[in-house]
Amino acid sequence: MRDTSAFINSLGQVCAIIGAQWGDEGKGKATDIVAQHFDVIARACGGANAGHTIVVAGHKHVFHLLPSGCLHGDKKVILGSGMVVHLPTLLEEIALLRSLDVDIVPRLTISHEAHIVFGFHRTLDAALEERRSKQKGKGIGTTKRGIGPAYMDKTARCGIRMGELHTDLRNELIQRKTLLEETYGVAMDVEEELSDLADAREQIGGCIGDTVEDIHSALHSGKTILVEGAQGTLLDIDHGTYPYVTSSSTTASGALQGLGLPPRALTSCIGVAKAYCTRVGEGEFPTEAEDSAAKRLRERGGEFGATTGRPRRCGWLSLPDLRRAAYLNGITHWNLTKLDVLDEEDVIPVGITRGEQGMRYQEFPGWKTSTAGITGYDSLPANARAYIEWIEEQTQSPVALIGTGQGREEIIVRS
Ligand code: IMP
């Protein structure tokens with residue numbers, strides 16, 4: 001067992017792990033290292049559009065709602081007010097954990113302020129995508145998990161929240177059905193929605209509570225809190241590549257808001273970025289690689305979506321985006337992931353400025369040797385260290401964690 005205590009101590013009481021690109025940066029491994037040392041593990045925003053792969057006893061499982069740190073037996077798990085929760089998905093994840101001998105229910109609290117994602121939100125998500133494709137030739141490329149429509153209801157102030165799970169929602173849902181059919185021509189099965197609500201009430205009705213109280217009482221009693229961000233900074237509804245973004249705030253400040261934590265509570269923010277870059281769905285991607293390089297990165301990096309299975313678009317790092325992520329989130333530590341995916345590249349381009357002619361690149365010499373499984377910084381090839389140190393210098397933030405392979409232990413922890 002290596003000693004990560006200096007790194008863990010440097011995180012302080014409240015740490016957020018935030019994606020710095022378009023999601024799928026590989027936040028799970030940093031979470032895995034950090035979560036075991038924290039008392040409370042929280043998710044703040046978004047819903048089942050996220051997908052994180054957790055390996056238990058050699059088997060891969062994909063979770064969408066529960067934070068990946070929830071496997072650690074004694075942690076309190078919080079789903080915060082900023083989230084949108086699809087109840088059948090949550091019940092499936094709880095059942096999956098149970099089959100792995102983990103009973104999360106006694107230590108799970110779901111905010112009564114979080115919004116419910118209904119089946120009809122998913123149907124509407126798909127219908128809106130189809131409409132956009134017909135009208136504009138392309139959609140946003142959403143995950144079709146009902147995220148946009150659930151946040152539409154939330155901001156229109158007609159959403160249904162977790163706190164209402166205990167009330168009779170039949171009449172409300174019947175009215176929604178009429179509205180949906182008249183406005184969008186979308187069908188809805190009221191009985192199915194009611195049956196999903198009844199299952200959830202029975203199984204997790206007791207988990208609904210005031211998570212703001214919970215998290216503040218944890219804070220005041222000196223407990224440590226890990227905030228697991230979802231998606232990535234460039235998908236943020238305010239600061240991302242709008243309209244090709246998700247419908248929630250994906251930054252550190254968004255996560256604090258989603259949990260009801262004040263900004264000054266955050267003691268550290270680990271910004272997670274791949275050593276290259278990927279994106280799923282539509283939207284700008286100025287450093288997208290040409291076909292053959294994109295294919296190489298996709299194959300070496302296994303770049304297919306965990307939630308949708310879609311092949312990810314692949315390209316190179318963008319310095320302006322990294323800098324922006326650093327200042328939007330107040331990144332105190334970088335986690336550069338999947339460095340080994342670049343092992344065979346002759347040259348590694350990085351986008352450095354965006355001008356009228358598009359992105360200007362700086363090229364770094366590749367290292368052409370395997371970094372797979374390396375756990376000591378000094379064992380990295382000199383060209384890989386030069387690449388990492390250039391990122392540190394340009395973003396004014398240290399690279400504390402470097403992923404060198406899929407395995408749990410294949411990571412460099414610098415202190
Ligand atoms: P939505 O969040 O399903 O509405 O999708 C909006 C955009 O965000 C689409 O381009 C999705 O592919 C992208 N997106 C949403 N969640 C994730 C994620 O967890 N990883 C990567 N992309 C995501």
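These questions and answers walk through a predicted model, from its ligand to one helix and two loop residues.

Trainee: How many residues surround the ligand, and which are the closest?
Mentor: The closest are Asp24, Asn49, Thr143, Thr246 and Arg310. By class, the shell has six nonpolar, eight polar and two charged residues. The full count of residues around the ligand is 16.

Trainee: Which residue has a side-chain N or O atom 3.3 Å from a nitrogen atom of the ligand?
Mentor: Set the backbone cases aside. Glycine 141 has a backbone N or O atom 3.3 Å from a ligand oxygen. Valine 280 also places a backbone N or O atom 3.3 Å from an oxygen of the ligand. The side chain that lies 3.3 Å from a ligand nitrogen belongs to glutamine 231.

Trainee: How much of the ligand's accessible area does the protein cover?
Mentor: Start from the ligand on its own. Its accessible area is then 460 Å². The share covered by the protein is 96%.

Trainee: What span does helix 3 reach from its first C-alpha to its last?
Mentor: Helix 3 runs over residues 87–99, which is 13 residues. At 1.5 Å a residue, 18 Å is expected. The model comes close to that, with a span of 18 Å.

Trainee: Which residues of helix 3 are buried, and what covers them?
Mentor: The buried ones are Leu87, Thr89, Leu90, Leu91, Glu93, Ile94 and Leu97. Residues three or four places apart in an α-helix point the same way, because a turn takes 3.6 residues. The cover on helix 3 includes strands 4, 5, 6 and 7, helix 4 and helix 7.

Trainee: Is serine 248 buried or exposed?
Mentor: Serine 248 sits in the loop between strand 9 and helix 9. Beyond four places in sequence, it touches Cys45, Gly46, Tyr151, Gln231, Leu235, Asp236 and Ile237. Its relative accessible area is 4%, under the 20% cut-off, so serine 248 is buried.

Trainee: Which residue makes a 2.9 Å side-chain polar contact with glutamate 284?
Mentor: Glutamate 284 lies in the loop between strand 11 and helix 10. It is partly exposed, at 39% relative accessible area. Outside its neighbours within four places in sequence, glutamate 284 is in contact with Trp22, Thr241, Arg279 and Arg354. The side chain joined to that of glutamate 284 at 2.9 Å is that of arginine 354.

Trainee: What separates the C-alpha atoms of glutamate 284 and phenylalanine 364?
Mentor: Along the chain, the two residues are 80 residues apart. In space, the distance between their C-alpha atoms is 24 Å.

Notes: Residues are numbered from 1 along each chain as its sequence is written. This is a predicted model: local features need pLDDT of at least 70, side-chain atom pairs count only at pLDDT 80 or more; totals for chains, interfaces and linings use all residues. Side-chain values use heavy atoms; hydrogens and water are left out. Helices (H or I, at least four residues) and strands (E, at least two) are DSSP runs, numbered from the N terminus. The expected span of a helix is 1.5 Å times one less than its number of residues. Buried means under 20% relative accessible area, exposed over 50%, partly exposed in between (1.4 Å probe, protein chains only). Contact means heavy atoms within 4.5 Å. A residue is near a molecule or strand if one of its heavy atoms lies within 4 Å of it. A polar contact is a pair of N or O atoms within 3.5 Å; within protein, one must be able to donate a hydrogen and the other to accept it, and residues adjacent in sequence count only if both atoms are side-chain atoms. Accessible areas come from the Shrake-Rupley method with a 1.4 Å probe; for residues, only the protein chains shown count as cover. Ala, Val, Leu, Ile, Met, Phe, Trp, Tyr, Cys and Pro count as nonpolar, Asp, Glu, Lys and Arg as charged, and the others, Gly among them, as polar.
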